[in-house]
Amino acid sequence: MKYKVHHFNIKMSEDQQKLEQFLNSLKGEIVSIVPNVKPIFRPMGATAKVDFLLIIEKRLNINLRCLVFFCDIYSVFFFCI
């Protein structure tokens, strides 16, 4: 199995559509989404902000080997492993 890690910069208040389009465009299976949470200290208190997301995708491994059998002119059989 192969995995790919995508780095996705995000502003949580604005990029919902952008994130949805990105997730739907992935070809493999999404294994995990890890937010990078950054603490922010302000005069009124501490809070946190998500800077970016790490999206871990499991790549689909499609390696089909097909054997083609020609029986006669009009019939063809495929056997895929």
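**View 1. Surroundings of Val-31 in strand 2 of the predicted model.** Setting aside neighbours within four places in sequence, Val-31 is in contact (heavy atoms within 4.5 Å) with Tyr-3, Ile-56, Glu-57 and Lys-58. Val-31 belongs to strand 2, residues 29-42; strands (E, at least two residues) and helices (H or I, at least four) are DSSP runs numbered from the N terminus. With a relative accessible area of 47%, Val-31 is partly exposed, a class lying between buried (under 20%) and exposed (over 50%), evaluated with a 1.4 Å probe and protein chains only. Tyr-3 is 28 residues away from Val-31 in sequence, and their C-alpha atoms are 9.0 Å apart. Residues are numbered from 1 along each chain as its sequence is written, and side-chain values use heavy atoms, with hydrogens and water left out. Because the model is predicted, local features need pLDDT of at least 70 and side-chain atom pairs count only at pLDDT 80 or more, whereas totals for chains, interfaces and linings use all residues.

**View 2. Environment of Ile-55 in strand 3.** Ile-55 counts as buried because its relative accessibility is 0%. Beyond its neighbours within four places in sequence, Ile-55 has contacts that include Lys-4, Val-5, His-6, Phe-8, Leu-19, Ile-30, Ser-32 and Ile-33. Leu-23 is also in contact with Ile-55; these two residues are 32 apart along the chain, with 8.8 Å between their C-alpha atoms.

**View 3. The largest nonpolar core.** Seven residues form this core: Phe-8, Ile-10, Leu-19, Leu-26, Val-50, Leu-53 and Ile-55. Strand 3 (residues 45-59) supplies its largest share, three residues. A nonpolar core is here a set of buried Ala, Val, Leu, Ile, Met, Phe, Trp, Tyr and Cys residues joined through side-chain atoms within 4.5 Å.

**View 4. Phe-8 and the charged end of Lys-18.** The charged end of Lys-18 sits over the ring of Phe-8, at 5.5 Å from the ring centre. This assignment requires NZ of Lys or CZ of Arg within 6 Å of the ring centre and within 35 degrees of the ring normal. Apart from neighbours within four places in sequence, Phe-8 is in contact with Lys-18, Leu-19, Phe-22, Phe-52, Leu-53 and Ile-55.

**View 5. His-6 and its partner Glu-57.** His-6 is located in strand 1, residues 2-9, and is buried because its relative accessibility is 13%. The side chains of His-6 and Glu-57 are joined by a polar contact of 2.7 Å. Such a contact is a pair of N or O atoms within 3.5 Å; within protein, one atom must be able to donate a hydrogen and the other to accept it, and residues adjacent in sequence count only if both atoms are side-chain atoms. With neighbours within four places in sequence excluded, contacts of His-6 also include Phe-22, Leu-26, Leu-53, Leu-54 and Ile-55.

**View 6. Chain context of the close-ups.** The chain contains one helix and five strands, following the pattern β-α-β-β-β-β along the sequence. Of its 81 residues, 15% are buried. Among contacts between residues at least 6 apart in sequence, 47% join residues at least 24 apart.
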